[in-house]
Amino acid sequence: MLNIYLGDLVYDTIKTNYAIPLNIAYLAASLEQEYADQVEIHLFKYPKVLEKKIQQNPPDILGLSHYSWNSRLNSVFIDMAKRLNADVITIMGGPNVRTEPHDIKTFLSENPNLDYYVVHEGEEPFVELVGELLKGNSRPTPANCAAIIDNELSFQTKPIKGQSKEINAPSPYLSGWLDPFLTDPNMIPLIESNRGCPFGCIYCCWGLAALSRIRQRPLEMVFREIDYIAKNSAGQMYWCVCDANFGILPRDIEIAKKLREIS
């Protein structure tokens with residue numbers, strides 16, 4: 001049984017609005033679907049809660065989302081986890097990294113306690129990585145999982161050609177992973193109906209060729225999630241649609257109508 005902690009950390013020194021950790025909940029839902037009886041997963045948003053948990057019971061795997069606003073905070077927790085359990089596997093993923101191989105190698109070299117960086121969509125490579133660890137492979141390198149092994153970068157990307165246009169990942173909302181965060185009035189619910197962007201804006205993390213194909217989540221699932229949030233949340237006034245370009249697809253009008261109906 002692998003003990004896995006997943007964090008989408010924010011600074012909580014002042015009270016403000018935070019986004020529900022939809023990102024790491026996708027990982028949790030996908031891991032549960034594949035390895036439910038082999039993993040124990042905990043999700044974290046607030047650093048003090050994660051700090052207490054790590055000190056009480058250091059994890060086997062620590063995975064953290066990586067953005068400009070939590071990069072230094074992540075480093076503190078990765079170093080803490082390694083200090084308390086030298087065998088912990090530390091992983092980061094998210095858009096706050098340059099994706100050229102030499103830049104990824106530089107980032108990993110500058111963060112020696114970080115074992116892996118997952119590039120682009122995280123569910124499939126993260127599940128593959130955990131699966132290899134469960135098999136006893138101590139240093140697996142699935143596609144889109146970058147690592148430094150024997151002072152050399154091990155990194156191969158998965159081609160987007162042939163990728164399904166439909167996202168079939170399990171719903172973090174409907175599987176209950178986000179229930180504790182929905183009841184927190186400081187958390188803004190996030191809704192994702194598609195991924196990808198056909199535009200190549202150089203200033204945007206979506207402007208990469210590897211993310212240029214628009215892939216859709218089933219519309220019925222999106223509607224069910226909207227209903228679920230409305231029923232189980234703390235009544236947050238603001239929700240956020242986190243698609244790269246909400247409104248780019250004709251069906252987005254139906255999603256907008258559904259949100260208007262729920263409001």
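In which loop does Asp-150 lie? The residue is placed in the loop between strand 7 and strand 8 (152-154), where helices (H or I, at least four residues) and strands (E, at least two) are DSSP runs numbered from the N terminus. The structure is a predicted model, in which local features need pLDDT of at least 70 and side-chain atom pairs count only at pLDDT 80 or more, while totals for chains, interfaces and linings use all residues. Residues are numbered from 1 along each chain as its sequence is written, and side-chain values use heavy atoms, with hydrogens and water left out.

Two residues other than glycine were examined for their backbone conformation. Most residues other than glycine have a negative phi. Asp-150, by contrast, has a positive phi of about 55°, and Asn-144 likewise has a positive phi, near 70°. Asp-150 is exposed, at 71% relative accessibility, whereas Asn-144 is buried, at 8%; buried means under 20% relative accessible area, exposed over 50%, and partly exposed in between (1.4 Å probe, protein chains only). Asn-144 belongs to the loop between helix 5 (123-134) and strand 7 (145-149). Beyond its neighbours within four places in sequence, the contacts of Asn-144 include Tyr-117, Val-118, Val-119, His-120 and Pro-125, as well as Phe-155, Gln-156, Thr-157 and Lys-158, contact being defined as heavy atoms within 4.5 Å.

Strands 7 and 8 are part of an open sheet of 7 strands with mixed pairing, ordered 3-1-4-5-6-7-8; two strands pair if DSSP finds at least two bridges between them. Strand 3 (39-44) and strand 8 are the edge strands, each pairing on one side only. From one strand to the next, the twist averages 20°. Strand 1 (residues 2-7) and strand 4 (residues 61-65) run parallel and are joined by 4 bridges, and Gly-7 stands opposite Leu-64 in strand 4.

Helices also pack on this sheet. Helix 5 touches strand 1, strand 3, strand 4, strand 5, strand 6 and strand 7, and its direction makes about 155° with that of strand 1. Axes are lines fitted to C-alpha atoms, for helices over the stretch in contact, and angles run from 0 to 180 degrees between N-to-C directions. Helix 4 (residues 101-110) lies across strand 5 (89-93), strand 6 (116-118), strand 7 and strand 8, at about 60° to strand 7.

A further packing arrangement involves helix 7 (residues 219-232) and helix 8 (residues 252-262), whose axes come within 11 Å and cross at roughly 15°. Helix 7 is therefore roughly parallel to helix 8, a term applied to angles under 35 degrees. The contact is made by Leu-219, Val-222, Phe-223, Ile-226, Asp-227 and Ala-230 of helix 7 with Glu-254, Ile-255, Lys-258, Leu-259 and Ile-262 of helix 8.

With a disulfide defined as a pair of cysteine sulfur atoms within 2.5 Å, the structure holds 0 disulfides. The cysteine sulfur closest to that of Cys-197 is in Cys-201, at 6.2 Å, too far for a bond. For Cys-242, the closest cysteine sulfur is in Cys-240, at 5.9 Å, also too far for a bond. Cys-197 is buried, with 7% relative accessibility, whereas Cys-242 is partly exposed, with a relative accessible area of 28%.

How values were computed: Angles under 35 degrees count as roughly parallel, over 145 as roughly antiparallel, 65 to 115 as roughly perpendicular and the rest as oblique.
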